[in-house]
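This report looks at how selected helices pack against one another. The sequence and structure come first.

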Amino acid sequence: MTLPSNRLLLSSPTRPGRVCAIAVFASLLIAFLIPALPALAQDEHLSRVNSAYADIAPGKRTDLVLLPLLAKMDAPPRAVATPDQAAMLPANAAGWVEAVAWVQRDNQKAVLAALSQVTKETDWRVSHAFGQGYGTQGVPVDLIRARLYTELGDPPTLAAAVHLYLPALDRMACLVHVESTRLANEGKPSDAIDALVGLIFFGRQMCDRVFSAEVGWGLTTISAAQLRVRDVAFADSRGTRACDTSRLLAQIKVLDEDEGYLDFKRMRFPLGEQMAVDQILRRVYTGDTVDDATFAPTMSRLGSTQHPLRLFSETAQWRLMAGGQAPVADARDRRTAIFGDWEQRWSLAWIDKKMNEPSEFGKLDQARYAAIAQSTGNIDTLFAQRQVARVECVGTRHALALLGYWYTNKVFPPTITSIRPAWLVRLSADPFNPNRDRGREPPLEYFVPMRDDPSPHEMNVVTTQNFTLTLRNDVFVLYSCGSDYARNFARRVENTASKVEGADYLLWPPMLSLYRQHLIDTGSLK
């Protein structure tokens with residue numbers, strides 16, 4: 001049986017700007033058409049998710065600093081309207097003049113200054129944190145008017161959450177990417193890297209949120225900004241080599257993914273969807289079975305939050321499905337198994353054998369346990385996003401250390417261990433390398449074409465447009481074993497956590513730099 005459409009696509013954390021108006025219209029239409037649900041004086045599930053931010057001092061709340069300024073931001077030009085476009089656009093390309101003018105207007109300068117302010121602290125214990133709660137309670141009226149909050153509807157329903165502020169964060173990411181290109185183009189690559197470190201730190205703040213859409217945004221932003229750091233450094237290495245090596249050393253230190261501000265080990269599994277499931281189970285079950293009076297209206301609301309005109313047809317479908325729902329005890333058991341499985345996996349490394357087994361959510365009978373299926377997305381995607389973010393972090397620090405060695409000694413390091421201890425106190429293990437017998441921590445793979453191998457290095461790059469290039473002895477290669485856990489000497493590279501046989505994960509030269517140059521060479525980017 002096909003379920004009515006789900007209300008939230010967790011694999012796509014941001015929404016087009018028109019979602020604000022759609023969410024409001026949906027709430028009004030649903031409130032008018034659906035029978036009133038039982039009043040909830042102080043919903044314990046909403047209180048619990050909001051309590052996660054109760055101990056953040058007002059003076060340390062990033063949201064109170066950034067969101068009012070994001071409300072005043074000018075819309076980005078078309079050439080840099082998404083983070084990917086903003087990261088890709090080179091200086092002096094079509095649209096660049098307009099992009100630079102946009103960055104240098106007062107509203108955008110204020111955002112950049114504020115981002116620097118809320119991300120300058122490197123000790124997470126005393127740093128800023130994004131502390132906005134869910135729903136309208138406690139949110140400043142100006143931010144509600146600007147649609148920079150999380151809409152839950154009436155009554156507040158966690159499973160229907162629409163994070164209206166995420167598109168504004170995307171615009172901020174666009175701003176940082178353009179600003180970093182501007183700074184690098186003006187001969188200030190170290191300043192450009194600092195700007196990107198601020199975006200990385202802000203992404204890490206978002207990883208402490210409780211909904212997977214927010215955490216996914218944070219992880220994706222960390223990965224993209226780490227890639228841009230290497231992109232800026234690579235461009236500098238091919239040009240003026242203006243990076244300040246003393247600042248480079250400090251930047252390597254603050255980007256430590258294990259012991260610094262990023263510290264992936266303290267990243268907790270997000271519990272927002274678990275509370276959403278518990279809240280819905282409480283509402284739709286009466287005794288052992290679902291309540292006919294609340295089940296269909298509640299479930300149709302979840303499916304219609306962003307598509308209110310589907311309300312009538314979905315309500316009818318859910319009425320037909322009510323009789324096939326599992327007893328409440330079974331539903332609660334499945335909920336416990338699913339979230340217990342996810343939490344256990346969250347504590348494991350990507351290379352653990354259990355990560356290759358089907359998740360409990362993947363086994364769920366979504367028609368029989370509709371309240372669970374419709375109240376949570378497939379959080380499985382977060383694990384891949386976290387793995388990519390981790391390998392990007394490890395790759396950036398090691399690439400910058402190799403670069404620093406080269407700038408200082410005028411030759412490439414003989415081996416990757418040569419960067420220790422001057423540039424790195426320790427080498428991090430390749431997150432994709434499973435060879436951990438007897439406590440081993442195998443590092444990333446490193447070589448110099450025509451030095452470590454007599455021939456130029458032929459590389460097949462798999463991305464949106466596949467292409468082949470030849471590397472010579474004026475560049476080093478740094479790569480991870482990648483998703484097949486095998487050392488393939490970077491002959492074929494594809495940067496993904498999805499299983500791909502025979503491909504490695506390329507870290508240097510940066511994939512973005514190579515792809516941009518390919519688009520320029522083929523006339524696709526002018």
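How are α2 and α12 oriented relative to each other? They are roughly antiparallel, because angles over 145 degrees count as such. The angle between helix α2 (residues 44–51) and helix α12 (residues 272–284) is about 170°, and their axes lie 9 Å apart. Axes here are lines fitted to C-alpha atoms, for helices over the stretch in contact, and angles run from 0 to 180 degrees between N-to-C directions.

This is a predicted model, in which local features need pLDDT of at least 70 and side-chain atom pairs count only at pLDDT 80 or more, while totals for chains, interfaces and linings use all residues. Residues are numbered from 1 along each chain as its sequence is written, and side-chain values use heavy atoms, with hydrogens and water left out.

The protein chain has 18 helices and 10 strands; these are DSSP runs numbered from the N terminus (helices H or I, at least four residues; strands E, at least two). Of its 526 residues, 57% are buried, meaning under 20% relative accessible area with a 1.4 Å probe, protein chains only.

Helix α10 (residues 212–237) has 26 residues and spans 37 Å from first to last C-alpha, close to the expected 38 Å (1.5 Å times one less than the number of residues). Because 23 of those 26 residues are buried, α10 is largely enclosed by the rest of the structure.

Helix α9 (residues 189–206) packs on α10 at about 165°, with the axes 7 Å apart. That makes α9 roughly antiparallel to α10. Residues of α9 in this contact (heavy atoms within 4.5 Å) include Leu196, Leu199 and Phe202, and those of α10 include Trp217, Ile222 and Val229.

Helix α5 (residues 96–103) and helix α8 (residues 166–185) cross at roughly 110°, their axes coming within 10 Å. This makes α5 roughly perpendicular to α8 (65 to 115 degrees). On the α5 side, Trp96 and Trp102 are among the residues that meet α8, where Arg171 and Cys174 are among the partners.

The table sorts the contact residues by class. Ala, Val, Leu, Ile, Met, Phe, Trp, Tyr, Cys and Pro count as nonpolar, Asp, Glu, Lys and Arg as charged, and the others, Gly among them, as polar.

| Contact | Nonpolar | Polar | Charged |
|---|---|---|---|
| α9 with α10 | 14 residues | 4 residues | 4 residues |
| α5 with α8 | 8 residues | 1 residue | 3 residues |
| α2 with α12 | 2 residues | 3 residues | 4 residues |

In the contact of α2 with α12, Glu44 and Arg48 are among the α2 residues, and Asp278 and Arg282 among those of α12.

Terms used:
Buried means under 20% relative accessible area, exposed over 50%, partly exposed in between (1.4 Å probe, protein chains only). Angles under 35 degrees count as roughly parallel, over 145 as roughly antiparallel, 65 to 115 as roughly perpendicular and the rest as oblique.
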